[in-house]
Amino acid sequence: MPEVPAVLVDGLVMRYGEKTAVDGLTLEVAPHTITAVLGPNGAGKTTTLETCEGYRRPQTGSVRVLGLDPVRDRADLLPRIGVMLQGQGAWSGVRAIEMLRHVARLHANPLPVDLLVERLALDECGRTPYRRLSGGQQQRLGLAMALVGRPELVFVDEPTAGMDPAARRTTWELLQELRHDGVTVVLTTHYLEEAERLADQVHIIDRGRLVASGTPEELTRGSSATVRLVVDRALGPDAEAALRESVRSWSDHHGVGLESISFASRTLEDVFLELTGREADGE
Ligand SMILES: Nc1ncnc2c1ncn2[C@@H]1O[C@H](COP(=O)(O)OP(=O)(O)OP(=O)(O)O)[C@@H](O)[C@H]1O
């Protein structure tokens, strides 16, 4: 028997007064995958996620999460899902790690708090009251709180917004490890690179409707206009000149106009991570 979809949104319509935020949205999330929901500001992503999390009741259509109704079956569902909200709600005066320990105690079989503290470098903000944490620290704490209960499914709304590049990489690694361990991850993001790197499946929504679905490869396949060549070592000036010459002669031969050729040894992110003390992943 095929496994139940981790999330099934069917004909969902959500309105705020006159404003239709979600307009007949249907989408499915396969278990044990990372699915990215993309869309411009106001597309209805957060509203959809909040409905899946049981914070809002579908006005029209239905939502099933792990086969359950997020409102009616909330008590059964809550221990099985992790939620990282945008602008994480937290008690402003509570210290970061106390809060994480508190959330851990609410779960039957929590992850060791110290492990999360170490992975997400939360020790640097352990005694700081929540309201004094930087935006990126609040995000990391929010992620830790979403994961501490060992959920089967996590909803992460713009998980890396406001994170520095090192924290963003750690978050990507953590999300990939979760998928490897069989957890389903549903994320929204405005960083297309994030979706491209992480997601098995991408849903693009606009004005509350699904406009495209597919793997990143399926969505980006087509005729190529940008060709990127990655070589395994730094090229000296002679090798660069020879490569330029070969490319020019190829383009003359095939009648293809060249708009630019550029050479770069590292990305700005590589330089940043090197200078701020964390090695790039060697990718
Ligand atoms: N509580 C609310 N009351 C009234 N309108 C709302 C409310 N929440 C969201 N909206 C409106 O519904 C639409 C969808 O909002 P939503 O937050 O779901 O979009 P989003 O795709 O998550 O956007 P973003 O990328 O900016 O986070 C927007 O036009 C927004 O202004």
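In what order do the 3 strands of the open sheet stand? The order is 2-1-4, with antiparallel pairing. The structure is a predicted model, in which local features need pLDDT of at least 70 and side-chain atom pairs count only at pLDDT 80 or more, while totals for chains, interfaces and linings use all residues. Residues are numbered from 1 along each chain as its sequence is written.

**View 1. The open sheet and its edges.** Strand 2 (19-29) and strand 4 (60-65) each have a single partner strand and stand at the edges, so one side of each is left without a neighbour in the sheet. Strands here are DSSP runs of E with at least two residues, helices are runs of H or I with at least four, and both are numbered from the N terminus; two strands pair if DSSP finds at least two bridges between them.

**View 2. Strand 1 beside strand 4.** Strand 1 (residues 7-16) pairs with strand 4 in the antiparallel sense over 5 bridges, and Val7 stands opposite Val65 in strand 4.

**View 3. Surroundings of the ligand.** The residues around the ligand, counted when the C-beta atom, placed from the backbone, lies within 6 Å of it, are Tyr16, Lys19, Ala21, Gly39, Asn41, Gly42, Ala43, Gly44, Lys45, Thr46 and Thr47. Strand 2 and helix 1 are the elements that give two or more residues to this shell, and the largest share, 3 residues, comes from helix 1.
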